Amino acid sequence: MLMDDVRGEVVLRRLPPDILHSLSTEQVAAIRNAASSARARRHPIDARFGMRLPLLGRSYLVLLVGKDMRSPKRIAADRQLRPTDRLSTLLLALFGISAFALAALIGVVVQNAFLAG
């Protein structure tokens, strides 16, 4: 099943069962078509990592980098839902950069040990 088809099915599954069963086949096809034509925006950098953490269990980390295309109204609404301050953002960025540098250093050490041995 293509991703476009999946989007259409997801929209239909979100409808309450009584409403879904009241739709004609033409209406269901129109909803599938409309949802399928909605294009997902792509990011130049889209890195997703799954991992198991000792206290949290199976977790994931997502790094998305790209142009912010949200409207000012949407940005304001997001800030109200998840307020952050500059200090915590800076600390999080420093932690991320440090973790990446440490992972790169470990990779270099392991690769050198592998090549030497």
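## The main contributor

Helix α5 gives the most to the lining of the largest pocket, supplying 10 residues. The model is predicted, and α5 spans residues 86–116.

## The largest pocket

How much space lies in the largest pocket? About 1200 Å³. The lining has 24 residues. Val62, Leu63, Thr89, Leu92 and Ala93 are the closest to the pocket's centre.

Several elements share the lining. Strands β1 (45–53) and β2 (57–65) each supply at least two residues. So do α4 (72–81) and α5. By type, the lining of this pocket splits into 14 nonpolar, three polar and seven charged residues.

## The second largest pocket

The second largest pocket has a volume of about 330 Å³. Which residues line it? One run in the list is Arg41, Arg42, His43 and Pro44. Another goes from Leu64 through Val65, Gly66, Lys67, Asp68 and Met69 to Arg70. Arg74 completes the lining.

Charged residues number six in this lining. Four others are nonpolar, and two are polar.

## Confidence in the model

How confident is the prediction? The average pLDDT of the protein is 84. A score of at least 70 is reached by 91% of the residues.

Which elements mark the two ends of the range? Helix α1 (residues 3–14) has the lowest mean pLDDT among the elements, at 76. Helix α2 (residues 17–22) has the highest, at 91. Where pLDDT is low, predicted coordinates should not be read in detail.

Methods:
Residues are numbered from 1 along each chain as its sequence is written. This is a predicted model: local features need pLDDT of at least 70, side-chain atom pairs count only at pLDDT 80 or more; totals for chains, interfaces and linings use all residues. Side-chain values use heavy atoms; hydrogens and water are left out. On a 1 Å grid over the protein atoms alone, a cavity is a set of points where a 1.4 Å probe fits but cannot get out, and a pocket is an open set with protein on both sides within 12 Å along at least five of seven lines; lining residues have an atom within 4 Å of a point. Grid points are joined across faces, edges and corners, and a volume is the space filled by probe spheres set on the points. Helices (H or I, at least four residues) and strands (E, at least two) are DSSP runs, numbered from the N terminus. Ala, Val, Leu, Ile, Met, Phe, Trp, Tyr, Cys and Pro count as nonpolar, Asp, Glu, Lys and Arg as charged, and the others, Gly among them, as polar. pLDDT is the predictor's confidence in each residue, from 0 to 100.
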